[in-house]
Amino acid sequence: MLTWKLPNGQLRQVEEGSCLLPFAQELKDSFVSPVVEGIFNGEAVDLQRPLHEDGDMGFIEVNSSEGMRVYSRTLLFMLLVASKKLYPEVALEVRNTLGSALFCYDQSSHKLTGEDIKAIEAYMRKMVKSKERITYKQITKNTIPASAMEAISEDKKALLDQLADDALLSLYFLEGTPGYLFGALCPDCSYVPNFELLPYKDGVILNYPDTGDWTHLPPFEDKPKLNEAYQEAEEWSAMIHCNTIGKLNKYIEAGYADKIIQIAEALHEKKLASIADMIASRRDEVKLILIAGPSSSGKTSTAQRLSIQLAVNGLYPMPISMDDYYRNRVDTPRKEDGSYDFECLEAIDLALFNDHLQRLLAGEKVKLPKYNFRTGCREYRGKELQMTENSVLVVEGIHGLNERLTESIPANRKIKIYVSALTPMSFDEHNRIHTTDARLLRRMVRDSQFRSHDAVATLSLWQDVRDGEEKYIFPFQCSADVIFNTTLIYELAVMKKYAVPLLEAVPRTSGKAYLTARRLLNMLYYVKEMDETAIPNNSILREFVGGSIFKDAL
């Protein structure tokens, strides 16, 4: 018999191999929203997973970021099963998110029609109504059933090749159809009643609730520029046959890692050169470049590399730091809890910033401020700026896309660039890599390398960072004139060496930080490590792992 401690402190004796589902059902009235995943000894576990040791239990509700991952993952499995049941020739590939919606591309020649998609949605709703069971089975790699092996794609097989024969795998079954998905699923389909399917771009949109309110289904908001950037990356990585971790692993094993690095870096250089050419073609009117993006998207390196490409075109880029226009700390807006809100737009002295921009664009000489983060005051240290005929101002900051930041400058005189790591890489056709996870790994490694922060500090602050992005960056991303994708298809293979020791050092006692650390470790488990010596010193990745030629600007 095993001894388990409930969240309320009670001890229970259970048979070895029991799961957490009965306890989740017993305690359901003590939670605000449905429980969709368990926590056992600090680690997230499927509610149906058999457990074989003493321990403490906890639960994850659907109204959390991790809970909504379980919700959307369950819906995806239902979509894959329903589409195959109704249209066996259809081959859906998971591509990317657009807000709280998932885009799945139909790789087959069938191409789902609007009526097909309505039929699939109706089938899924029947699954919800009948509470169709999703069966969990834990097996070893060498005992995968033949029926399941037949359904496994070459990309999945390439991932399995990285695992030992006795490695434990989680296999799910819905209406007899097997699925190999990375992460927990709900015990049955009734857990996910709120969703809709919509036809979109040779595929289907799976729309589901936002994190925090699982009962409300927001209307799907199309983001064509963002989706186009994702699809361009997907098509490019597929063209060079390196769009999955399994394929990347094979390139590394075959000794082609340096070639992949060179190709990925060349794409970045080509894209930045193209953006610079576009700006140069409008040199008579465009005098202000605004660069914005979420945390760890590589904004600083992008600004530096773009400036070099602008110089190639005969322009003279002049950087201005938005941080230097922070209000004096005593004048900074405060949050509800009384702490300073340095992320909001009003933390910037908008009047002074726009006054300086207007005067610079008029050809005047301007004395620039320098913000002293130690004293919390703006200072003037004698730095002056004056534009010449071929000058162009380059401003980097989180509010760059918000029109209120530069409302005094006419639209034809500025270019807004949105920078983010929109990864096209996935584990296989159904298990994608979240862009937020890729950025979190970047930030964690950079914080450790250059800011003396351990992984616990980075992981603990990440939700606050994400909340700021949702409020101040993402609402404006589609107003960008240009989207530059800073992802590098090889980066997880390089990050692994730096990230794994940091994640393994996160203690069980760190709560949510430990949950996230274990999830990221499970993700990196499938990635083969890559040598980094071939990465050039101007690479965006150097901003995070070290060795950047732009270190003085970082």
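Two strands pair if DSSP finds at least two bridges between them. That rule underlies the strand pairings in this predicted model.

Start with strand S13, residues 288–292. Five of its five residues are buried, so S13 is largely enclosed by the rest of the structure. Both faces are covered. Leu288, Leu290 and Ala292 are buried on one side. Ile289 and Ile291 are buried on the other.

S13 has strand partners. With S19, residues 391–396, S13 pairs in the parallel sense over four bridges. Here Ile289 stands opposite Val394, and Leu288 has Leu393 as its bridge partner. With S20, residues 414–420, S13 pairs over five bridges, again in the parallel sense. In that pairing Leu290 stands opposite Lys416.

Now move to S19. Five of its six residues are buried, leaving the strand mostly covered. S19 also runs parallel to strand S14, residues 316–321, and six bridges join the two. One bridge pairs Tyr316 with Ser391 of S19.

Next, the nonpolar packing. The largest nonpolar core holds 79 residues. Ile417, Tyr490 and Leu503 touch the most other members. Beyond its neighbours within four places in sequence, Ile417 contacts a run of S13 residues: Ile289, Leu290, Ile291 and Ala292. Its other contacts are Ile275, Leu306, Leu401, Val482 and Phe484. A second, separate core has 60 residues, including Phe23, Val45, Leu51 and Leu197.

Asp46 is a buried charge to look at. Asp46 lies in the loop between strand S4 (43–45) and strand S5 (55–61). Asp46 is buried, yet has no salt bridge. The nearest side chain of opposite charge is Arg73, 7.3 Å away. The cut-off for a salt bridge is 4 Å, so Arg73 does not qualify as a partner. What does the Asp46 side chain meet in a polar contact? The side chain of Tyr172, at 2.5 Å. The backbone nitrogen of Leu185 also lies 3.2 Å from a polar atom of the Asp46 side chain. Not counting residues up to four places away in sequence, Asp46 touches Tyr136, Tyr172, Ala184 and Leu185.

Elsewhere, charges do pair. Side chains of opposite charge can pair when their charged atoms come close. The count comes to 30 salt bridges.

One of them joins the side chains of Arg95 and Glu234, at 3.7 Å from N to O. This pair links distant parts of the chain. Arg95 sits in strand S6 (residues 92–97) and Glu234 in helix H6 (residues 224–239), 139 residues apart. Arg95 is buried, with a relative accessible area of 11%. Glu234 is buried as well, at 5% relative accessibility.

Another salt bridge lies within a helix. Arg125 and Glu121 meet at 2.9 Å, N to O. Both lie in helix H3 (residues 114–129), four residues apart, about one turn of the helix. Arg125 is partly exposed at 33% relative accessibility, whereas Glu121 is buried at 17%.

Glu269 forms a salt bridge with Arg305, the closest N and O atoms being 2.8 Å apart. Glu269 lies in helix H8 (residues 257–280) and Arg305 in helix H9 (residues 299–312), so the bridge ties together parts 36 residues apart in sequence. Glu269 counts as partly exposed at 27% relative accessibility. Arg305 is buried, with a relative accessible area of 2%.

Finally, a network. Glu66, Arg69, Asp437 and Arg519 are joined into one by salt bridges that share partners.

Conventions: Residues numbered from 1 in each chain as written. Predicted model: local features only at pLDDT ≥ 70, side-chain atom pairs only at ≥ 80, totals over all residues. Heavy atoms only, no water. Buried < 20%, exposed > 50% of the residue type's maximum accessible area, 1.4 Å probe, protein only. Core = buried A, V, L, I, M, F, W, Y, C linked by side-chain atoms within 4.5 Å. Contact = heavy atoms within 4.5 Å. Lys, Arg positive; Asp, Glu negative; His and termini not counted. Polar contact = N/O pair within 3.5 Å; in protein donor to acceptor, adjacent residues only side chain to side chain.
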